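Biologist: I should like to be guided through this structure by question and answer. Please begin once it is shown.

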Amino acid sequence: MTSDVWLPIPADEIEGLPDGLDYRHWDGAADYPADPADCAFYVVPYMKGVDVALRPLAAMTSLRVVQTLSAGIDHVAPGLGSLPSGVRLCNARGVHEASTAELTLALVLASLRGIPGFVRGQDAEEWRSGFYPALADKSVLIVGYGSIGAAIEDRLTPFECARVARVARSARATERGPVHALAELPALLPEADVVIVSTPLTEETKGLAGADFLARMKDGALFVNVARGQVTDTKALLAELESGRIRAALDVTDPEPLPPGHPLWHAPGVLISPHVGGSTSAFMPRARRLLADQLTRYAAGEALRNEVLTTG
């Protein structure tokens, strides 16, 4: 059986990799480091787009594991049908929670407290004093309560929110309180001052934050998307922003990257960051630890972490 492992990080930069495997460095370059047919364990290049992620997949006839370095798998899902039966797909749960939750709080606080206006005021040498909304006493709704959603709530806890409500695909109980099913979302939206979307992109969540979702949000509420751009209906969001009824803070957009001249750039009440939720100094140490652990398990024939599915 082939022992080739394709890594987007050079093997000598990852401490703890097991012996006995043949490590090939490929981070999306035009030339492959070896024959894709010999690859058994493919670590997908991070943030290089769908085309790069999928390019070698169809030729990887000996593949046993696909490991993403992202929490989402939407960029590799279109290529899974070309893979042999029995290939395990694993995501990067545990790598991005801290960074994404940090940015989420930064976007919420910056939007509520008027930080973008202060920066523009500083550029113009204007002293823009006044009263601004606080996060304290606000009701927050987290839509997509997986590991990232839970990490966001961890960081909300010291801010004295009036309430944190949680929504996931199905209802369950947690130590912090109930997680509501997605079917309950319409009744929860009108109660929230801040709505944070942190769902994976699936057929069920594509367009989830559409016209009806946004219309149910209360006047003056803040919509925050740290999930995927396609979870939001951009046209519907623009209509709400241009009316001034709600505000938004977006780490992801549809389309992405947001092209010059797109109306979302200058829509009133919107703060945009360029999909940097996971790309921080915290990423690489956690990614290296994940890969060392996964490959040690793989070499020993042990169960892998974060298995999302197995191809049929």
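Biologist: Is Asp137 buried or exposed?

Modeller: This is a predicted model, in which local features need pLDDT of at least 70, side-chain atom pairs count only at pLDDT 80 or more, and totals for chains, interfaces and linings use all residues. Residues are numbered from 1 along each chain as its sequence is written, and side-chain values use heavy atoms, with hydrogens and water left out. Asp137 lies in the loop between α3 and β6; helices (H or I, at least four residues) and strands (E, at least two) are DSSP runs, numbered from the N terminus. Buried means under 20% relative accessible area, exposed over 50% and partly exposed in between (1.4 Å probe, protein chains only), and because Asp137 has 62% relative accessibility, Asp137 counts as exposed.

Biologist: What is the phi of Asp137 near?

Modeller: Most residues other than glycine have a negative phi. Asp137 is not a glycine, yet its phi is positive, near 75°.

Biologist: Which residue that is not a glycine has a positive phi of about 60°?

Modeller: The residue is found in the loop between α4 (147-156) and β7 (163-168). With a relative accessible area of 59%, it is therefore exposed. The residue with this positive phi of about 60° is Glu160.

Biologist: Is Asp193 buried or exposed?

Modeller: Asp193 is found in the loop between α5 (185-188) and β10. Asp193 touches residues including Asp137, Lys138 and Leu222, not counting residues up to four places away in sequence; contact means heavy atoms within 4.5 Å. Because its relative accessible area is 18%, Asp193 is buried.

Biologist: Which residue of β11 stands opposite Val197?

Modeller: In strand β10 (residues 194-197), Val195 and Val197 point one way, Val194 and Ile196 the other, and all are buried. Four bridges join β10 to strand β11 (residues 222-225), and the two run parallel; strands pair if DSSP finds at least two bridges between them. Opposite Val197 in β11 stands Asn225.

Biologist: Which residue stands opposite Ile196 of β10?

Modeller: Strand β6 (residues 139-143) is joined to β10 by four bridges, and these strands run parallel. The residue opposite Ile196 is Ile142.

Biologist: What is the omega of the peptide bond from Asp254 to Pro255 near?

Modeller: Most peptide bonds are trans. Pro255 is found in the loop between β12 (247-250) and β13 (270-272). The bond from Asp254 to Pro255 is cis, with omega near 10°.
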